[in-house]
Amino acid sequence: MYDTIVIGAGLSGMLAAIGRAERGEKVLVLAKGHGATHWSTGCIDLLADVDDPLAGIAQLAIQHPHHPYALAGPAMIEQGIARVRAIGEAAGYPFAGSFNRNLLLPTALGALRPTAFAPATMIAGDARQLRDGRPTLIAGFAELRDFFPPLIAANLRAQGIAAEAAQLTLPPTQRQHDFSPVTLARLCEQPAFRANLGEQLAAYVRKGGYARIGLPAILGLKHATEVVRDLQNRAGALIFEIPTLPVSVAGMRLYQILEDELLRLGGRIQLGGFVQRAERISDTLVAVFSEAAAREQRHTARRWVLATGGILGGGVRATPDGHLHETALDLPLQTPDGRAGWFAPRFLNAHGHPVFQTGVRVDQRLRPLDAAGQLVYENVQIVGGALAGYDPIREGNLEGAAIATGWAAGQA
Amino acid sequence: MDHIELSLTQSLDHCIKCNICTSACPVAAVTDVFPGPKYVGPQAQRFRHAAQPVPDASVDYCSGCRVCNQVCPTGVRIAELNARARAQIVAERGMPLRNRIIARSGLVGRLSSGPHAPLVNFTLNFAPARWIIERVMGIHRHAPLPKASTYTFRRWFKRRKPATNGRRPQVVYFHGCSTNYYEPHVGKAAIAVLEHLGFEVIVPPQRCCGLPLLSNGDFPAAQSHHEYNVAQLLPYARAGIPIVGTSTSCTLTLKEEAPELLGLHGDDIRAVAAGTYDIFEFLRDLHQQGRLRTDFRPIERELPYHPPCQLRAHRIGRPVLDVLGLIPGLRLRESRAECCGIAGTYGLKREKYQIAMDVGKPLFDFVRASGQDLALCDSETCRWQISGATGVATRHPIEILAEAYGLSV
Amino acid sequence: MQTLSTDVLVIGGGATGTGCALDLAMRGIRCILVEKGDLTHGTTGRYHGLLHSGGRYVTKDPQSATECAHENAILRRIMPHCIEQTSGFFVITPWDDESYGDVFVANCHRTGVPVQEISVAEMLRREPALNPRISRVFEVHDGSADSFLATHSVALAAREYGAEIRTYHNVVDLVRVGDRVVGAIVEDLRSGERIRIDCTYVLNAAGAWAGKIAALAGVTVTVVPGKGTMVAMNHRMVNTVVNRCKLPSDGDIIVPIHTVAVIGTTDVHVPDPDVFGIEPEEIQFMLDEGEKLIPGFRQYRALRAWAGVRPLYKDKDVASDRDIPRTFKLLDHEERDGVSGILSIVGGKWTTYRLMAEQTVNELARRLGNTQPCRTASEVLPVPRFEHRAHAMVTVSTDPAAQTPHYWLGKPLALVESEHAAGDLICECELVTRDRIVAAIDAGAHNLDDIRRDVRMGMGPCQGGWCIYRTANLLYERRCADGLSHTHANEAILHFLQERWKGLTPVLWGDQLRQARLDELIYAGVLGIHRLRALAEPGGGLVTQHPAIATEYVQA
Ligand SMILES: Cc1cc2nc3c(=O)[nH]c(=O)nc-3n(C[C@H](O)[C@H](O)[C@H](O)COP(=O)(O)OP(=O)(O)OC[C@H]3O[C@@H](n4cnc5c(N)ncnc54)[C@H](O)[C@@H]3O)c2cc1C
Ligand code: SF4
Ligand code: SF4
Ligand code: SF4
């Protein structure tokens with residue numbers, strides 16, 4: 001019997017679990033597997049397309065009183081993020097940035113992406129610094145199929161950044177082939193590999209006078225800050241990482257520091273446990289059943305947090321005949337009426353696709369409501385992407401809204 | 001095709017290509033001969049066709065540890081897809097002699113345990129002999145081979161005076177090959193604990209669960225073993241008598257591996273699967289029902305514990321932590337290493353030995369760093385691998401539980 | 001205006017036009033082929049993938065059945081790398097008329113279509129996913145065929161024989177002098193320039209667009225654009241072509257081709273071959289029909305949907321469009337309409353393209369006084385560079401069958417394994433290596449969609465999630481010295497994503513909906529491609545937004 005079981009191991013779930021474990025509760029995080037944290041940039045996006053995220057959020061909360069940010073409230077946003085930053089700090093993986101001014105960091109295509117906080121390993125890539133006229137080098141490896149310096153540099157140049165591209169020579173290693181970002185990240189933690197990399201970078205700096213060097217986000221899995229520091233010293237230029245396609249090394253690091261923290265606080269994590277049904281007594285959730293070999297496993301707890309991440313996380317699934325359902329507890333969902341309204345004709349429609357706003361409607365305390373506005377469970381809270389009425393990817397608040405609501409559930 | 005078969009086939013459809021599995025796979029992390037779970041699993045599966053030549057070879061480097069299944073966010077049964085693909089390779093290209101031998105743990109155990117065990121053990125510890133074995137059979141000369149016991153568990157069990165007084169609830173014990181031939185003390189501890197908890201323990205005739213055969217791709221032989229075991233266990237399963245095992249791999253095979261990989265889904269097979277429990281899973285259930293005795297003596301120790309891959313495949317969390325956590329003073333430090341590397345018989349093979357040692361390194365470091373002279377692990381082959389690599393004695397958690405109950409084994 | 005001259009101007013780079021170009025060139029007749037999009041831009045690139053045994057036509061269209069049976073054997077010989085010898089079943093399900101079975105067999109015998117009845121048990125042994133309630137099964141020589149690759153091979157051979165093939169060249173007008181057509185005005189879609197091509201004969205092989213071309217010459221050809229929708233499922237639940245044993249109708253056939261199983265088709269009359277969409281009811285209907293053949297069909301993952309338009313030539317009044325004969329017609333407009341210098345070849349099927357070309361070129365050759373015989377039935381076609389190396393050896397399998405020249409499902413994997421190329425896969429789903437992508441780029445691809453057709457990049461479950469990004473970068477790196485700038489590369493990505501979206505929306509549910517969301521996270525979230533819209537523009541030798549090649553509107 002746990003005090004709290006959190007279903008889902010994304011940012012929102014981990015924050016809720018850490019919050020409850022900190023209060024001395026016996027906490028279990030039960031999840032199907034890893035998810036969006038591993039796919040994303042490893043930065044903390046609060047709100048894109050505004051200069052001042054916190055002011056933008058305040059505005060958003062007024063316009064959309066049911067938006068997750070409005071439900072969590074400004075205090076939870078600030079405290080949740082402060083907590084993540086403190087965890088990062090303690091783990092030697094600090095985040096930098098501000099609530100009031102978005103950074104603009106280059107993507108692996110050379111677009112400039114707004115984000116509020118980024119790991120220290122990325123921070124030197126802020127466009128405001130890059131635009132200081134001093135030359136920047138974007139460097140990668142031909143063997144890495146997820147990072148191509150020439151197009152990044154060309155797009156950056158078109159945005160007023162003096163960027164050039166270079167392809168580095170892969171330092172000697174035991175491996176003959178298959179250099180994924182994760183593989184390279186492991187190699188970067190080997191001193192000899194790193195020393196060779198540093199020498200190559202130093203040679204470029206001597207030749208081209210680069211003030212900054214952008215590299216793919218492969219600079220270590222466990223000791224990234226040290227790897228970057230070491231390379232900066234060797235190269236004689238500032239270094240910044242650029243996030244790559246999933247799986248994202250920077251995302252893995254973020255997940256890892258949260259998992260370490262939860263375990264340190266005595267919480268438990270069970271992956272590979274797909275929750276498929278619930279057991280209730282009137283409006284109390286008493287148990288859930290997760291899929292297991294030969295029979296289901298029954299889990300009991302006093303209170304529950306559902307953090308299954310919507311369609312992206314697998315918490316919401318659509319059937320061919322156009323129905324959407326919540327996969328763990330079969331909660332009522334707020335969805336567009338009918339399949340005809342699911343999509344916009346353009347893939348990159350500015351407001352995204354209505355279907356992706358599907359989620360669970362909640363009360364002020366994040367507890368699930370049905371279509372009539374009645375409380376479904378008094379001891380369940382919904383956090384992150386499982387919540388209805390927002391599009392975390394297109395609004396650019398994937399991490400922010402997850403952390404804010406997760407933290408709120410961990411406190412209340 | 002019934003629904004289980006269908007769900008396995010359809011599970012490859014769930015893959016959204018996200019690379020989470022590949023970044024977690026302990027084998028892909030240490031060698032470039034293995035392209036990783038996404039590639040060999042759901043990706044390659046779209047190119048496989050039972051009536052055409054087998055197109056691939058690299059899937060054979062999958063150790064079956066199932067880290068991938070566990071982290072995959074969409075529920076692709078990668079390890080099972082891999083096992084089936086390996087079976088196709090074996091069916092087409094035949095199985096090397098080496099695999100034939102290590103896959104038959106029952107046979108090897110029968111031949112080597114008993115009064116002549118010391119001689120066998122001597123040979124296996126004798127370097128030139130190991131060198132010959134490596135050359136002829138492809139079993140790496142440093143790979144941890146178990147020490148055969150001087151007596152079998154079954155013989156011991158038959159000769160003892162059983163606790164059948166009164167109307168005790170019954171429980172069936174599935175000991176598996178390793179307990180019978182190599183580690184009878186694990187079985188003795190299990191019997192002691194179960195009887196201490198008021199059960200009458202039944203040990204019906206049984207054969208090797210067949211997992212080594214499954215993981216080496218010899219499906220026909222595995223099927224005959226499984227059918228035999230089901231026939232023996234079925235009356236108990238039907239009577240609602242739980243079947244418990246101390247080997248996480250044997251219980252997993254009964255529950256799921258054999259039925260799913262062999263495509264056996266009859267009612268009998270299902271009844272036995274549904275009646276089978278890992279011993280700590282069973283004890284945890286007892287505790288939840290308030291039926292577990294907690295008259296423990298304190299054990300003031302902090303021990304490293306490695307939850308083996310086979311346990312992960314049960315998808316039941318960490319029952320050892322839940323149960324041993326009740327013992328006053330005992331603190332278990334859970335290893336977060338993915339795998340010890342041995343993965344049943346994988347790490348025994350010449351071409352895979354080094355991979356296995358590299359895979360296991362974080363675990364070995366963890367065990368050594370604990371500074372303890374004892375480590376715990378539920379799986380036999382893992383225990384041998386950990387002890388072999390670190391020199392730290394490694395025991396089954398049931399032995400500690402027996403100790404905490406004050407039972408002499 | 002630049003002027004070119006030739007003997008025969010072939011209009012249309014589908015199977016028929018390309019086949020004609022090869023046959024002309026083989027016989028030493030000068031020819032230029034113009035195609036408004038890439039090769040196979042029309043129906044050829046949007047077909048079902050079936051190498052017909054003829055079985056589907058034995059009752060309603062016996063002549064077609066015989067032609068198919070004949071051509072089937074020839075194509076297996078001349079283009080083995082494009083064809084998988086899957087075999088085919090005609091099955092009687094509980095929803096079908098039992099009595100048709102005997103009629104079917106009798107008609108197969110009559111039309112020369114080889115057929116053999118097998119037991120249901122044997123069928124289930126070979127295809128365990130099929131409905132056990134099927135009552136009778138007839139096996140025929142169906143196969144599956146890659147029409148992209150086949151057309152490229154034909155075009156490669158045609159070029160080797162001296163034909164000139166110009167893709168992204170749209171015929172905007174025909175030049176008529178009195179009652180004779182003497183040439184055409186063609187727009188190069190890459191540059192917008194117009195070219196005049198003078199010729200002795202225009203061969204109208206524009207498929208469903210043949211009516212539009214004929215109209216430019218002032219003659220009427222009624223081609224009924226019959227739209228057929230197909231759905232590709234993520235993996236092959238069957239490895240044999242499975243047809244319902246009944247008169248052909250909607251959703252009655254599943255073709256395993258490459259990594260997917262394709263169910264189809266529908267037949268909906270559309271007013272214009274360039275304006276059509278995929279209706280939700282069509283998809284639901286096909287899922288229902290699929291369920292009859294493969295129980296649980298709906299639970300499998302659908303990858304994408306697309307539609308092609310049948311170039312059905314309507315001679316006289318026929319009741320339903322499905323009743324129009326599937327056989328082809330060579331129209332001599334001099335005799336028919338009094339306009340000389342132009343012939344139209346209409347109707348037919350992919351399977352009979354070679355025969356159509358043979359008969360068409362026989363006629364042209366006769367008129368041009370050329371007496372060379374047709375040799376297309378005996379010359380084996382070459383393999384394009386972007387395909388796996390022509391004689392790449394499978395070293396990973398000991399089975400001698402692994403060395404067959406025919407395509408087999410595992411072959412791409414066997415080659416990747418043999419070459420240890422796992423780490424060099426740009427499109428991981430379809431196992432496309434960097435070398436093959438680069439070869440496709442260097443072969444002159446005009447957008448990412450061309451590369452998709454050439455090597456199947458972006459056709460797997462992730463629908464381009466990773467490989468569009470990678471391929472666009474390779475395209476930029478290979479071509480930036482030739483005037484392809486970052487703005488063109490950005491545009492190429494945006495264009496491809498949008499093209500993909502059209503084919504995706506009809507089948508977005510379950511895993512594919514989740515995949516679409518992940519792809520949105522990648523492109524909008526991680527890469528921020530939409531932030532580069534101001535830095536995207538068509539050009540650099542790429543064709544992305546021309547109205548002449550736009551097809552399909554979106555309707556989810
Ligand atoms: C849904 C469907 C499924 C089918 N399935 C099969 C099957 O499984 N097996 C089979 O054998 N057959 C099948 N067919 C039939 C087969 O696909 C067609 O018969 C064959 O592809 C026709 O080839 P084509 O070259 O005549 O026409 P197309 O491939 O359409 O070629 C005509 C070309 O002309 C070009 N063009 C048009 N206007 C102009 C212009 N103004 N300037 C320059 N170029 C122009 C077009 O872009 C096009 O590429 C199917 C047809 C449909 C509709
Ligand atoms: S983790 Fe699962 S979904 Fe992701 S690539 Fe691996 S198998 Fe596919
Ligand atoms: S089972 Fe283990 S070794 Fe095999 S692919 Fe999965 S993670 Fe890798
Ligand atoms: S012994 Fe072990 S941890 Fe280890 S391989 Fe087993 S199951 Fe995996």
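**Exercise 1. Sort the residues of the shell around ligand 2 by class, then find which come nearest.**

Step 1. The shell splits into 10 nonpolar, two polar and two charged residues; here Ala, Val, Leu, Ile, Met, Phe, Trp, Tyr, Cys and Pro count as nonpolar, Asp, Glu, Lys and Arg as charged, and the others, Gly among them, as polar.

Step 2. B:Cys15, B:Cys18, B:Asn19, B:Cys21 and B:Cys72 come nearest, out of 14 residues around the ligand (near means a heavy atom within 4 Å).

Step 3. At least two shell residues come from each of α2 (20–24) and α4 (37–45) of chain B; helices are DSSP runs (H or I, at least four residues), numbered from the N terminus.

A word on the source: this is a predicted model, where local features need pLDDT of at least 70 and side-chain atom pairs pLDDT 80 or more, while totals for chains, interfaces and linings use all residues. Residues are numbered from 1 along each chain, chains are lettered from A and ligands numbered from 1 as written, and side-chain values use heavy atoms, without hydrogens and water.

**Exercise 2. Describe the interface of chain B and chain C.**

Step 1. Count contacts (heavy atoms within 4.5 Å): 32 residues of chain B meet 42 of chain C.

Step 2. Take the buried area (accessible area, 1.4 Å probe, lost on being put together, summed over both parts): about 3,100 Å², with 55% from carbon and sulfur atoms. B:Asp13, B:Arg46 and B:Phe47 supply 26% of what chain B buries here, more than any other three residues.

Step 3. Look for salt bridges (Lys or Arg side-chain nitrogen within 4 Å of an Asp or Glu carboxyl oxygen): the rule finds two. One joins B:Arg46 to C:Glu430, with the closest N and O atoms 3.3 Å apart.

How values were computed: Buried area is the accessible area (1.4 Å probe) that two parts lose on being put together, summed over both.
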